[in-house]
Amino acid sequence: MKKWILSLGVLFAMPTMLFAQTHEWTLKDCIGYAMQHNISLQKQRLAVKTAEEDVLRSKSDLLPSLSASTSQNVNYRPWPETGQARVSNGYVQSSVDKVFYNGSYAVNAQWTVWNGNRNRNTIALNKLEANKAQAEEMVSATTIQERIAQLYVQILYSAEAINVNKQSLETSTRNEERGKEMFDVGKISKADLAQLTAQRAQEEYNVLAAQSTLADFKRQLKQLLQITDDTPFEVAVPATTDDMALQSIPAVSEVYAQAISWRPELKAAQLAIDASELNIKMAKAQNLPTLSLGASFGTSTSSMSDAAWGTQIKTNFDMGAGLSLSIPIFDNHNKRSAVSKALIGKQNSLLDLQDKKTTLYSNIEDCWLQATNNQNKYKAARISVESAQQSFDLLNEQFNLGMKNIIELMTGKNNLVSAQQNELQSKYLAILNISLLHFYKTGEIK
């Protein structure tokens, strides 16, 4: 029976295991997974919950506070001068109680009727802080999305660079084999063959270096996604990377006009300004009077009384209520200092908002310049690669016929590899910066 259950469990687990091994992560998959599992974002969400609890607490401050208290005391009086007289069976008896017991019971209520509106402003301030915490969570989310996009494009670039280096290695390997044949028949020297061998070894090193770079970018992306297992991690390669690099680039002013309407760092900065205005109001209210209402009722008992406990509770019961008014007269410059600091805080918040707008515009402009320059470079690099490929193919044929020497062949090979690397770099930098411009404009990364 146990073996049958185990076999059934393995059967149902196989599709999941196969999916985990063959699943290729798209950019959308990576972003969606990170939004749920990234630890920094989870901490930001906890900060939002903390701010929301502050809102609830400040709202409860509008309600009266109610507390109950009791005290039970045993007292010892070793040298009393008088005792307690009792009448028993027609005789007056006198006793002295050195130890006696007292108990008190009370319920108190306190309510701040008005304190210069500081309590209601505190609620509004905590709501702003909660909204600011949500905006800061969105700031972290956008930063993580931008970083994921950068790493994703770097992975695509590194994967394609490996293919280029492998193709170059195959060509170098064929040239080395051809060189050995030519050396055996005396067409090239041993030094020329050594140069071909060195080039093949360098190409092997380039492949290993590119694979190491790819593995490191994958490691960084997995860290952002909080993935800690050793399951193979592969990203999905878009089918039309060339078209992605050549798509139209929106204008800086167009992107900026859309970005300022939704960017969370600007919302957080604006909320900070609103909070500073409330801080100014609350600071100015420090010299206003505070009106409070208090009420209480209670009773007491004592062993010094002959009355029963229930009778004492009834006869000693009392209640009362009253208003108290507190008027600040001199507060050692506290109010004036608080107002000055609040005004300074508002100016700082205004400058912070302006600085974030400037930074945002600069980042958008930088992306636009990078996208435009790399798109133009990519167009030129495509032509350069075609020309370098044709030149190298011709040099390779001439080398095989003994019409070109090793130096000319290696120079042509290096020119081809350099052109291919330039094409890849400019293509993926154009894709990255165009994607970031779209993200600044719409809040979505394609």
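**Entry 1: strand pairing**

I began with E5 and E7 in this predicted model. The two strands pair in the antiparallel sense, and I recorded 12 bridges between E5 and E7. To fix the register, I looked up individual partners. Tryptophan 114 has leucine 291 in E7 as its bridge partner, and valine 107 is matched in E7 with phenylalanine 297.

I then followed the sheet outward from E5. Strand E2, residues 65-76, pairs with E5 through 12 bridges, again in the antiparallel sense. Here I noted that asparagine 75 has phenylalanine 100 of E5 as its bridge partner.

On E7, I looked up the pairing with strand E8, residues 318-326. The two run antiparallel and are joined by 9 bridges. Threonine 290 stands opposite serine 326 in E8.

**Entry 2: a nonpolar patch**

I next asked which residues make the nonpolar surface patch of about 520 Å². I listed Trp111, Val113, Trp114, Leu288, Leu293 and Leu323. Strand E5, residues 99-114, gives the patch its largest share, 3 residues.

I examined leucine 293 separately. This residue lies in strand E7, residues 290-302. I entered leucine 293 as partly exposed because its relative accessibility is 33%, and a value between 20% and 50% falls in that class. As background I noted that side chains in a regular strand alternate between the two faces of the sheet.

**Entry 3: helix H4 and its end**

I checked the length of helix H4, residues 118-184. With 67 residues at 1.5 Å a residue, H4 should span 99 Å, and I found its end C-alpha atoms 96 Å apart, which agrees. After H4 comes glycine 186, for which I recorded a positive phi, near 80°.

**Entry 4: aromatic pairs**

A search of the whole structure gave me 7 aromatic pairs. One of them is formed by tryptophan 25 and tyrosine 33, with 5.3 Å centre to centre and 90° between the planes, an edge-to-face arrangement. Tryptophan 25 is buried, since its relative accessible area is 14%. Tyrosine 33, at 28% relative accessibility, is partly exposed.

I then turned to tryptophan 25 and phenylalanine 233. Their ring centres are 5.5 Å apart and their planes stand at 35°, so I classed the pair as tilted. This pair links distant parts of the chain, 208 residues apart: tryptophan 25 is in strand E1, residues 24-25, and phenylalanine 233 is in the loop between helix H5 and E6. Is phenylalanine 233 buried or exposed? I entered phenylalanine 233 as buried, because its relative accessibility is 7%. Trp25, Tyr33 and Phe233 form one aromatic cluster.

**Entry 5: salt bridges**

My search of the whole structure for salt bridges returned 16. I looked up several in detail.

Glutamate 176 and arginine 200 meet through their side chains at 2.8 Å, N to O. Glutamate 176 belongs to helix H4 and arginine 200 to helix H5, so this salt bridge ties together parts that are 24 residues apart in sequence. I recorded both glutamate 176 and arginine 200 as buried.

The salt bridge between arginine 219 and aspartate 216 has an N to O distance of 3.0 Å. Both residues lie in helix H5, 3 residues apart, about one turn of the helix. I noted the general rule that an α-helix has 3.6 residues a turn, so residues three or four places apart point the same way. Arginine 219 is partly exposed at 45% relative accessibility, and aspartate 216 is partly exposed at 32%.

For glutamate 277 and lysine 346, I found the side chains meeting at 3.4 Å, N to O. Glutamate 277 is in helix H8, residues 264-284, and lysine 346 in helix H10, residues 334-400, so the pair ties together parts 69 residues apart in sequence. I classed glutamate 277 as partly exposed, at 33% relative accessibility. Lysine 346 counts as partly exposed as well, at 25%. I also recorded a network in which salt bridges with shared partners join Glu146, Arg263 and Glu265.

**Entry 6: threonine 240**

Last, I located threonine 240. This residue is in the loop between strand E6, residues 234-235, and helix H6, residues 241-246. With 41% relative accessibility, threonine 240 counts as partly exposed. I also looked up the C-alpha separation between threonine 240 and serine 292: it is 72 Å, with the two residues 52 apart along the chain.

Key. Residues are numbered from 1 along each chain as its sequence is written. This is a predicted model: local features need pLDDT of at least 70, side-chain atom pairs count only at pLDDT 80 or more; totals for chains, interfaces and linings use all residues. Side-chain values use heavy atoms; hydrogens and water are left out. Helices (H or I, at least four residues) and strands (E, at least two) are DSSP runs, numbered from the N terminus. Buried means under 20% relative accessible area, exposed over 50%, partly exposed in between (1.4 Å probe, protein chains only). Patches are made of residues with over 30% relative accessible area and no salt bridge: like charges are joined within 9 Å, nonpolar side chains (Val, Leu, Ile, Met, Phe, Trp, Tyr) within 5 Å. Accessible areas come from the Shrake-Rupley method with a 1.4 Å probe; for residues, only the protein chains shown count as cover. A salt bridge is a side-chain nitrogen of Lys or Arg within 4 Å of a carboxyl oxygen of Asp or Glu. Two strands pair if DSSP finds at least two bridges between them. The expected span of a helix is 1.5 Å times one less than its number of residues. Rings of Phe, Tyr and Trp (its six-membered ring) pair if their centres lie within 6.5 Å; planes under 30 degrees apart count as stacked, over 60 as edge-to-face and the rest as tilted.
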